[in-house]
Amino acid sequence: MAERNSKRETKTGRTRRQLLRQLGLSAVAAGAGKPLLSDARSTEATPHHKVKYRVLGKTGLRVSEIGFGGHSWSYEQVPDGKGGRRKPTIDEATEMIAAGIEMGVNFFDSCTPLAESSVPGEALKRLDARDRVLVSIRVSHKMKGIKADRQEIYKWTEDRLKLWQTDCVDFCLLCNTANDTPQSGYWDMSYSIEALDKLKQQGKIRFTGFGCHFTPELFLDAFDKFGDYFDVCSIPYNVRHRAAEQLLPAAKKKGLGVITIKPFARGHLLTDLDLKGADAGVPRDMIAFVLQNEHVDICTCGLHTIEHVRENLSASWTKLSPGRRKRLDKLAHRDIPGQEYAWLEEGWYYA
Ligand SMILES: NC(=O)c1ccc[n+]([C@@H]2O[C@H](COP(=O)([O-])OP(=O)(O)OC[C@H]3O[C@@H](n4cnc5c(N)ncnc54)[C@H](OP(=O)(O)O)[C@@H]3O)[C@@H](O)[C@H]2O)c1
């Protein structure tokens with residue numbers, strides 16, 4: 001036990017919980033200080049620009065308007081040189097995360113697959129950067145409204161704390177799938193909220209939220225019923241799937257911080273584009289589009305290479321010209337094959 005506690009101590013010997021208590025709510029000073037990677041890779045990867053910040057709703061936290069998505073570490077999307085694909089290695093992830101932090105990123109999301117917590121957890125440890133960033137976990141469980149819901153959340157959170165190599169995560173978001181609805185009986189957050197309260201009292205999580213593959217209608221229902229309780233929500237939003245535009249004012253009315261996901265519909269919006277030629281800059285512009293919405297606090301994107309990091313973050317200092325906005329509209333409404341994003345097409349598409 002003593003060994004576990006000492007592992008979680010910061011350089012100054014305090015646990016992260018103690019540090020946060022001392023620093024207060026808006027304490028994360030991202031991007032400050034010396035380069036994280038001491039070799040040439042650091043300067044090569046990092047342009048002089050920095051990502052801008054927004055205030056994350058009622059949390060009062062200063063957050064980078066672009067965050068790193070957890071799928072970056074769990075999807076096999078990096079060419080393996082043999083015609084196949086693989087996940088980024090820990091070294092590659094560390095390089096991408098270091099470049100992101102140096103460019104001002106301070107928000108790191110994670111979903112269900114274990115690598116989404118273990119890979120950035122190890123990278124942050126190597127960079128000694130846990131105290132410079134905000135970490136978010138998602139608890140994906142059936143909200144049955146029974147006491148056993150609590151145990152699932154406790155176990156899930158404990159497991160994620162270990163993988164992130166920390167004693168406290170900044171956000172814990174309740175998630176659900178498109179099939180888990182009031183009709184299927186999985187839409188009662190009461191015991192889940194009780195569990196989150198206990199985790200907060202224990203100092204293991206700081207803020208709470210919800211969101212995932214809910215339908216737009218369920219989001220509205222959740223804003224109404226639970227919006228006063230939660231601190232943030234996570235909602236899909238991109239140039240093709242724009243239903244969020246109708247929902248975000250209701251989220252803001254409740255003071256919720258807004259974390260958007262899927263700026264490229266998991267990459268589908270980039271299908272068949274000539275990103276090194278005629279369509280260069282489209283990923284950057286797609287994120288710039290999301291950031292144009294004043295209700296958005298963080299646009300969370302998936303990325304697999306250092307080039308993705310540079311391009312995606314450059315959206316923060318890119319103004320979307322009318323001509324490039326028109327190009328996005330055209331791309332948004334073309335026919336794109338692929339079933340993986342069917343849930344987005346069903347509820348979130350807005351022509
Ligand atoms: N369960 C949940 O609550 C939930 C659900 C969905 C998403 N999320 C969160 O939201 C984050 C974002 O969603 P996402 O990762 O699914 O989708 P996304 O950000 O819409 O798309 C990511 C994909 O876009 C491509 N890409 C990114 N930057 C690029 C660039 N500059 N140039 C070319 N291609 C680029 C990459 O595809 P290639 O790999 O093909 O290069 C990458 O895999 C996730 O990582 C996750 O943290 C949470």
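These questions and answers cover the ligand site and a salt bridge in a predicted model. Local features need pLDDT of at least 70 and side-chain atom pairs count only at pLDDT 80 or more, while totals for chains, interfaces and linings use all residues. Residues are numbered from 1 along each chain as its sequence is written, and side-chain values use heavy atoms, with hydrogens and water left out.

Q: How many residues surround the ligand?
A: A residue is near a molecule if one of its heavy atoms lies within 4 Å of it. The closest are Asp109, Arg138, Lys262, Phe264 and His304. The number of residues surrounding the ligand is 27.

Q: Which residue has a side-chain N or O atom 2.7 Å from an oxygen atom of the ligand?
A: A polar contact is a pair of N or O atoms within 3.5 Å. A polar backbone atom of arginine 266 is 2.9 Å from a ligand oxygen, and one of glycine 267 is 3.3 Å from a ligand oxygen. The side-chain atom at 2.7 Å belongs to lysine 262.

Q: Why does the salt bridge of arginine 126 with aspartate 91 tie together parts that are apart in sequence?
A: A salt bridge is a side-chain nitrogen of Lys or Arg within 4 Å of a carboxyl oxygen of Asp or Glu. Here the closest N and O atoms of arginine 126 and aspartate 91 are 2.8 Å apart. Helices are DSSP runs (H or I, at least four residues), numbered from the N terminus. Arginine 126 lies in α6 (residues 115-127) and aspartate 91 in α5 (residues 90-102), so the pair links parts separated in sequence by 35 residues.

Terms used: Polar contact = N/O pair within 3.5 Å; in protein donor to acceptor, adjacent residues only side chain to side chain. Helix = DSSP H or I, 4+ residues; strand = E, 2+ residues; numbered from the N terminus.
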